[in-house]
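Trainee: Could you take me on a close look at one helix in this model and then show me how its surroundings fit together? I would like to follow it step by step.

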Amino acid sequence: MPKTADAADRRHAPGRAMWLLGPAMVAGVAYLDPGNVASNMTAGAAFGYLLVWVVVLGNVMAWLIQYLSAKLGIVTGESLPQVLGRRIRRPWARRAYWLQAELVAMATDVAEVIGGAVALHLLFGIPLLWGGAITGVVSMGLLLVQTRRGARAFETVLIGLLVIIAVGFSFGLFFAPPSPDGVVGGLVPRFEGTESVLLAASILGATIMPHAIYAHSALARDRFAPPSPTAAEGLERARGISTPRLLRATRWDVTIALAVAGTVNLAILLLAAANLAGVDGTDSLEGAYAALRDGLGPLVATLFAVGLLASGLASTSVGAYAGAEIMHGLLHARVPLVVRRLVTLVPALVILALGVDPTLALVLSQVVLSFGIPFALVPLVVLTARSTVLGAYRNRVATTVAGVVASVFLITLNVVLLWLVLTGG
């Protein structure tokens, strides 16, 4: 390890290990957005513990994908959109790629703003349209933290929201714990009819989302940006910390973040499986809230709604951050985060103003996300396997094979999801 890296490590002591953690926690917020909540609640209510294995499998694949994204940002000092923006030579191809990524980011935002609006309606009776506007305004405040205070402050705020999300969605399990035998049985991969396949694909589609892949590479880049970006000695010396150390810390960061996100997602499914199985009307967020209130009491239902609100606020901020990075990397144009927030808020408000069923809008947004999965996953695996991009830090053969298998599996399931939704299967 270079002496400069050793010196930097000592400068960050005694809290040096904690200083290296954080970007994955922010990216992990995307794994706890309202789309995840809706999918997991519906799966638990409709099929009990049957799809526990899907949540676990999705989390394992998400670990690999998010680590590869963060590694790309750390080693190259660029985000995935930036790397693609350099390598896609033809302007029309770059614009077409940006358009699909932008549509995916906007679809994500629709789900998150609607989730926040539903939560405000459940908690305070605020009309959905006004709830969406409030969600958008508060998320702009969160983005101003990132713009004016930097990556670390942004991470701190979102990690705080992550704690609220975890408590809100997990609290009910202390009142009505799941069946241990049911949980163990749910780890056995199986389906029960077409609807269970549809829900499994929805869970995975809501778990591994394109904007989280784009965002994590940018978060890692911003967090560990060297003090002198043009320094001739390269990224490692300019940062003052070795790349291997950063990658080791990133593995821990991703592990902790995905452990939290996976546990909370599992808690949502288990809460529904233990308390909402067979209850009518639980295929919507409003219905799940009412069932929790009637079955476990107003405290559990209120905390669930508070968790949903925190989920909407945090995830929409990450989505706006990802959208700004997509535009910057692919179109080489910077638009202030707050301006982007205003623009991308419009589709969600239009949907709410038209009176579209919020749960239906959430489901349709997940369908749009399915289109973007291959465009984010395939380039990520390909780029991180190339020595011309990552040099000595390129993927090992086993990592690349695992990435290919995960990509094929996810793309196949998303194709199945699209087919089932479009055919009404």
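Mentor: Happily! Let's start with helix H16, residues 285–296, in this predicted model. H16 has 12 residues, and from its first C-alpha to its last it reaches 16 Å, close to the 16 Å expected at 1.5 Å a residue. Now look along H16 for side chains that are hidden away: Leu 285, Gly 287, Ala 288, Tyr 289, Ala 291 and Leu 292 are buried. A general point helps in reading such a list: an α-helix has 3.6 residues a turn, so residues three or four places apart point the same way. Just after H16 comes Gly 297, with a positive phi of about 105°.

Two of those buried residues, Ala 288 and Leu 292, lead us to a neighbour, because both are touched by Met 41. Leaving out residues up to four places away in sequence, Met 41 also touches Ile 268, Ala 272, Leu 276 and Phe 304. Met 41 stands out in another way: in the largest nonpolar core, which has 124 residues, Met 41 and Leu 51 touch the most other members. As a general background, nonpolar side chains tend to be buried together in soluble globular proteins.

Met 41 belongs to helix H4, so let's see how H4 (residues 34–47) sits against helix H17 (residues 298–331). Their axes are 9 Å apart and the angle between them is about 140°. Angles over 145 degrees would count as roughly antiparallel, and H4 and H17 are therefore oblique to each other. At this contact, Pro 34, Val 37 and Met 41 from H4 meet Phe 304, Leu 308, Ser 311, Gly 312 and Ser 315 from H17. Sorted by type, the residues of the contact are 5 nonpolar, 3 polar and no charged.

For comparison, try the same length check on helix H5, residues 52–76. Its 25 residues should span 36 Å at 1.5 Å a residue, and the end C-alpha atoms are 37 Å apart, which agrees. In H5, 21 of the 25 residues are buried, so this helix is largely enclosed by the rest of the structure. H5 is followed by Gly 77, whose phi is positive, near 75°.

Finally, step back to the whole chain: there are 21 helices and 0 strands. Of the 425 residues, 57% are buried. Among contacts between residues at least 6 apart in sequence, 84% join residues at least 24 apart. The touch between Met 41 and Leu 292 is a good one to find in the structure in front of you.

Key:
Residues numbered from 1 in each chain as written. Predicted model: local features only at pLDDT ≥ 70, side-chain atom pairs only at ≥ 80, totals over all residues. Heavy atoms only, no water. Helix = DSSP H or I, 4+ residues; strand = E, 2+ residues; numbered from the N terminus. Expected span 1.5 Å × (residues − 1). Buried < 20%, exposed > 50% of the residue type's maximum accessible area, 1.4 Å probe, protein only. Axes fitted to C-alpha atoms, helices over the stretch in contact; angles between N-to-C directions. Parallel < 35°, antiparallel > 145°, perpendicular 65-115°, else oblique. Contact = heavy atoms within 4.5 Å. Nonpolar A, V, L, I, M, F, W, Y, C, P; charged D, E, K, R; others polar. Core = buried A, V, L, I, M, F, W, Y, C linked by side-chain atoms within 4.5 Å.
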